Each structure stands twice: as C-alpha cells, then as structure tokens.
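Trainee: Could we go through this structure together, one question at a time? I would like to practise reasoning from the overall fold down to single residues.

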Amino acid sequence: MRPGSVAIVGAGPGDPELITIKAMLRIQEADVILYDRLVNEELLNYAKIEALRIYCGKSPGHHSMPQETIERLMIQYAAEGHKVVRLKGGDPFVFGRGGEEALAVAEAGIPYEVIPGITSAIGAAASAGIPLTHRGLAASFAIVTGSRCHDHASPVRWDILAHSVDTIVVYMGVSQLSHIREQLLLHGKDITTPVALIENGTTSRQRTVTGTLGNIDKLAAAMKIANPALIIVGEVVKVREQLLSLEITTRSQIG
Ligand code: SAH
C-alpha cells in the first residue's frame with residue numbers, strides 16, 4: 001500500500017483569499033481534511049467531493065474533540081494510505097498546537113510537511129490599518145497569549161514585556177482584558193498607551209475598537225467584543241486613525 005502523508009496547513013486568518021497557493025493545492029489533493037473552528041469553511045469547497053471532512057472544533061470551554069483523538073485520526077488515516085490535511089486557523093505553529101501534531105505524526109513515522117499561514121496578528125493588523133512596526137513608533141513587536149490555565153499565573157512575563165517591546169499583540173486575551181491592562185499599567189505602561197481590539201479580523205464581520213489602557217476594557221465591554229479577537233497595544237494603533245482620516249477607499253477596506 002502506498003504510504004499516506006499528513007500536511008499540517010495554515011488556513012490563514014479568516015478571509016479565505018488569504019490562504020497560500022501551496023495550502024490550496026494540498027486541500028485540492030486531500031482525501032481527509034481535519035479542520036478547526038477558526039478555519040473559514042468556504043475553503044472546504046475546494047476539496048474533492050468525496051474528501052472526508054472532519055470538524056475538530058474547539059470552542060472556548062468546550063473541547064469537542066480531544067487533542068489525542070485528532071492526532072490519532074491524522075495518524076490512522078495516513079497509515080491507511082490517505083492524504084491527510086490538518087487545516088488550522090492562521091499559522092499552525094502560532095498557538096495552534098501544530099508543533100505537538102508534527103511531533104505526534106513524526107513519532108509515528110508518517111511523512112509530513114508544515115505549510116505556514118498568515119497568522120491572525122498579521123492579517124487582522126493589516127485589515128484594521130495598524131502596522132505592527134512603524135518608523136519612529138515601533139521597532140519591535142511580540143505575540144503573546146492572554147489565556148491563563150485554570151487561574152494559574154499567566155505564562156507571560158508582563159513585567160519584562162511592558163518595557164522591552166514596542167507593540168504587543170495578545171491572542172486569546174479578550175476574557176482577560178482587565179487583568180492584562182492591570183499588568184501593563186502595574187509594570188509602568190502609560191495609561192494613555194493606545195490599544196485596539198479586533199474581532200473576526202479580515203472577515204466581513206470584522207469589528208475594531210480603539211481606546212487606551214485607561215478605558216479599553218469599558219469600550220470593549222460596551223461593544224461586547226468576543227472571540228476570536230486580538231488585542232494590540234502600542235503607539236502604532238494611532239496610524240489607523242491617520243489612515244481613516246485620509247478617507248481613501250481601497251480594496252481591503254479598513255474595517
Ligand atoms: N493559529 C492561530 C491562532 C490560534 S489561537 C493563528 O495563527 O492566528 C486562537 C486565537 O487567535 C483567538 O483567541 C484570537 O485571539 C486569535 N484569532 C484567530 N483568528 C482571528 C481573527 N480572525 N480575528 C481576531 N483574532 C483571531
């Protein structure tokens with residue numbers, strides 16, 4: 001029997017047109033596609049009609065398919081000789097457990113490849129008009145997680161981060177927004193530091209709210225910003241206002 005394979009594929013941040021050509025080719029060839037909640041389901045229309053489509057979605061608080069089951073299915077279908085695509089939102093190696101899946105598949109002796117995708121920080125920042133670096137405003141950015149496991153301390157060193165990086169992008173942080181702003185203020189960030197929240201970035205449902213470390217939690221609560229959303233902290237958020245004030249309409253509108 002011919003050996004199957006696994007492609008761990010980044011589907012991009014939401015807008016289906018932001019997938020790479022290589023990722024699209026793997027979707028078209030796939031016999032089995034295991035896809036996550038954040039993957040735009042329109043992408044599945046490009047797969048063969050007979051391709052098996054398996055939803056592995058995890059919504060916050062609900063683990064609809066355990067990670068071990070996902071890994072077991074990837075290995076099982078590939079071992080049976082199928083071309084398996086593991087389709088994940090954004091980039092598979094950015095808070096996507098793609099590293100664990102690559103290890104599991106490699107340990108099982110299955111040929112695999114990893115195809116990067118545009119991570120949501122890059123995609124959402126672009127569609128909200130916020131450059132993550134900008135001459136004179138930001139020479140560095142960091143991507144961090146805002147989630148705290150079971151009320152344990154955050155794995156992120158906010159004390160160091162507050163002073164060492166110009167732009168901070170927080171994934172999985174909306175429910176922790178108050179804690180995050182408290183940490184940044186505690187460790188010396190100015191209360192006037194600009195902050196943006198981007199919900200459903202790059203999609204037609206994108207919503208963006210901007211404020212400061214002083215008021216962003218109230219603004220976000222008033223707008224009921226919910227997952228998937230990103231928090232961007234830094235002076236670069238001001239560039240969005242400059243772009244908006246110029247009122248030039250482009251193909252990828254600043255939502
Ligand atoms: N691998 C993914 C991240 C998975 S973690 C990537 O590279 O983008 C899930 C978190 O990603 C969400 O909680 C949210 O913070 C962020 N996210 C994913 N898609 C998003 C989108 N379209 N808009 C805003 N945030 C998004």
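Mentor: Gladly, and let us begin in the middle of the fold, keeping in mind that this is a predicted model. Six of the six residues of E10 are buried, so this strand is largely enclosed by the rest of the structure.

Trainee: Which residues point one way from E10, and which the other way?

Mentor: Every one of these residues is buried, whichever way it points. Pro194, Ala196 and Ile198 make up one set, and the other is Val195, Leu197 and Glu199.

Trainee: What is the order of the strands in the sheet that holds E10?

Mentor: The sheet is open, has five strands and shows mixed pairing. Its edge strands, each pairing on one side only, are E8 (141-145) and E11 (207-212). Neighbouring strands are turned by 20° against each other on average, direction ignored. Read across, the order is E8-E9-E12-E10-E11.

Trainee: In what sense does E10 pair with E11, and over how many bridges?

Mentor: Strand E10 covers residues 194-199. Within this pair, Val195 stands opposite Gly211, and Glu199 has Arg207 as its bridge partner. The pairing is antiparallel, over six bridges.

Trainee: And in E12, what is the bridge partner of Val195?

Mentor: E10 and E12 also run antiparallel, and five bridges join them. Val195 is matched with Gly211 in E11, while in E12 its bridge partner is Val233.

Trainee: Which strands of the sheet does helix H4 touch?

Mentor: Helix H4 spans residues 120-128 and packs on the sheet. Its direction makes about 75° with that of E12. The strands touched are E8, E9, E10, E11 and E12.

Trainee: Is Ala121 buried or exposed?

Mentor: Ala121 lies in helix H4. Leaving aside residues up to four places away in sequence, it touches Leu132, Ile143, Val169, Tyr171 and Leu230. The C-alpha atom of Ala121 is also 8.2 Å from that of Pro13, 108 residues apart along the chain. Since buried means under 20% relative accessible area, Ala121, at 0%, counts as buried.

Trainee: Which residues touch the most other members of the largest nonpolar core?

Mentor: This core has 23 residues, with at least two supplied by each of E8, H5, E9, H6, E10, H7 and E12. A second, separate core has 18 residues, including Ala11, Ile27, Ile33 and Tyr35. In the largest core, those touching the most other members are Val144, Trp158, Leu161, Ile168, Leu184, Leu197 and Ile231.

Trainee: What does Val144 touch, not counting residues up to four places away in sequence?

Mentor: Val144 is one of the core residues that touch the most other members. Its contacts are Phe95, Val156, Trp158, Leu161, Ile168, Val169, Val170 and Tyr171.

Trainee: Stepping back, how many helices and strands does the protein chain have, and what is its radius of gyration?

Mentor: The secondary structure comes to eight helices and twelve strands. For 255 residues the globule rule gives 18 Å, and the chain's value is close to that, so it is as compact as a globular protein of that length. The radius of gyration is 19 Å.

Trainee: What share of the contacts with a separation of 6 or more comes from residues 24 or more positions apart?

Mentor: Of the 255 residues, 48% count as buried. Among contacts with a separation of 6 or more, the share from residues 24 or more positions apart is 66%.

Terms used:
Residues are numbered from 1 along each chain as its sequence is written. This is a predicted model: local features need pLDDT of at least 70, side-chain atom pairs count only at pLDDT 80 or more; totals for chains, interfaces and linings use all residues. Side-chain values use heavy atoms; hydrogens and water are left out. Two strands pair if DSSP finds at least two bridges between them. Helices (H or I, at least four residues) and strands (E, at least two) are DSSP runs, numbered from the N terminus. Axes are lines fitted to C-alpha atoms, for helices over the stretch in contact, and angles run from 0 to 180 degrees between N-to-C directions. Contact means heavy atoms within 4.5 Å. A nonpolar core is a set of buried Ala, Val, Leu, Ile, Met, Phe, Trp, Tyr and Cys residues joined through side-chain atoms within 4.5 Å. Buried means under 20% relative accessible area, exposed over 50%, partly exposed in between (1.4 Å probe, protein chains only). The radius of gyration is taken over C-alpha atoms; the globule rule is 2.2 Å times the number of residues to the power 0.38.
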